[in-house]
Amino acid sequence: MNTVILDFDGTLNKTCTAIKTVKDTLKEMYAMGVTLILASNRDKEALEAMLDDLNLSNLFSVIVSSNDSESATQKENLVSKVLEHTDSDPSQVLIVGENSNNIALGKQAGIKTCAVKCKGINGNTADADYVIEDIRALLDIV
């Protein structure tokens, strides 16, 4: 995979994953040449402030946020916005999220999907191409 779309809430800021682990994993993917995209329903300014606080701003090529929503179809447009901004081949794009909505979105767009689960927390992720419990497992996928 050369492009990875990461959901912020529940994926990058999971309480079951240490922030150092997340930061190290993102930095390693970035060093491998993977284009990192951040997606969230949060406000773009809030996301940018959080990324600045974590010293991660420089790793993300595109941030898709609630500010990009022009209608109720924001989620459906997420992948197309990413593909437009990055010229990525859909076969080389992976969406990473913690719930079935992220998985459904990726499947609908024809891209690979990865569900991040905390131990003891179960969600409907049966349709995901990959299911991981540790963000570091992304390094084996990309």
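Two strands count as paired if DSSP finds at least two bridges between them. Helices (H or I, at least four residues) and strands (E, at least two) are DSSP runs, numbered from the N terminus. The model is a predicted one, in which local features need pLDDT of at least 70 and side-chain atom pairs count only at pLDDT 80 or more, while totals for chains, interfaces and linings use all residues. Residues are numbered from 1 along each chain as its sequence is written, and side-chain values use heavy atoms, with hydrogens and water left out.

**Exercise 1. Lay out the sheet.**

Task: State in which order the six strands form the open sheet, and which partners E1 pairs with.

Solution.
- Step 1. Start from the chain, which has six helices and six strands and follows the pattern β-α-α-β-α-β-α-β-α-β-β-α along the sequence.
- Step 2. Take E1 and its partners. E1 pairs with strand E2 (residues 35–39) in the parallel sense over five bridges, with Leu6 opposite Leu38. E1 also pairs in the parallel sense with strand E4 (residues 93–97), over four bridges, and here Ile5 stands opposite Ile95.
- Step 3. Extend past E2. E2 and E3 pair in the parallel sense over four bridges, and Leu36 stands opposite Phe60 in E3.
- Step 4. Write the full order: E3-E2-E1-E4-E5-E6, an open sheet with parallel pairing. Strand E3 (60–64) and strand E6 (130–132) each have a single partner strand, so one side of each is left without a neighbour in the sheet.
- Step 5. Add the geometry. The twist averages 20° from one strand to the next. Helix H3 (residues 44–53) packs on the sheet and touches E2 and E3, its direction making about 145° with that of E3; axes are lines fitted to C-alpha atoms, for helices over the stretch in contact, and angles run from 0 to 180 degrees between N-to-C directions.

**Exercise 2. Assess the burial of E1.**

Task: Decide how many of the five residues of strand E1 (residues 3–7) are buried, and which residues lie on each side.

Solution.
- Step 1. Fix the cut-off: buried means under 20% relative accessible area, exposed over 50%, partly exposed in between (1.4 Å probe, protein chains only).
- Step 2. Recall that side chains in a regular strand alternate between the two faces of the sheet.
- Step 3. Sort the residues. Thr3, Ile5 and Asp7 are on one side, Val4 and Leu6 on the other, and all are buried.
- Step 4. Conclude. Five of the five residues of E1 are buried, so the strand is largely enclosed by the rest of the structure. For the chain of 142 residues, 43% count as buried.

**Exercise 3. Trace the nonpolar cores.**

Task: Identify the residues with the most contacts inside the largest nonpolar core, and describe helix H2 (residues 19–31).

Solution.
- Step 1. Define the object: a nonpolar core is a set of buried Ala, Val, Leu, Ile, Met, Phe, Trp, Tyr and Cys residues joined through side-chain atoms within 4.5 Å.
- Step 2. The largest core has 25 residues, and Leu6, Leu26, Leu36, Phe60 and Leu138 have the most contacts inside it. Its largest share, three residues, comes from H2. A second, separate core of 12 residues includes Ala39, Val79, Val93 and Ile95.
- Step 3. Follow Phe60. Not counting residues up to four places away in sequence, Phe60 touches Leu6, Leu12, Leu26, Leu36, Ile37, Leu38 and Leu51, where contact means heavy atoms within 4.5 Å.
- Step 4. Turn to H2. The helix has 13 residues and reaches 18 Å from its first C-alpha to its last, close to the expected 18 Å, the expected span being 1.5 Å times one less than the number of residues. Its buried residues are Thr21, Val22, Lys23, Thr25, Leu26 and Met29. Just after H2, Gly33 takes a positive phi of about 95°.
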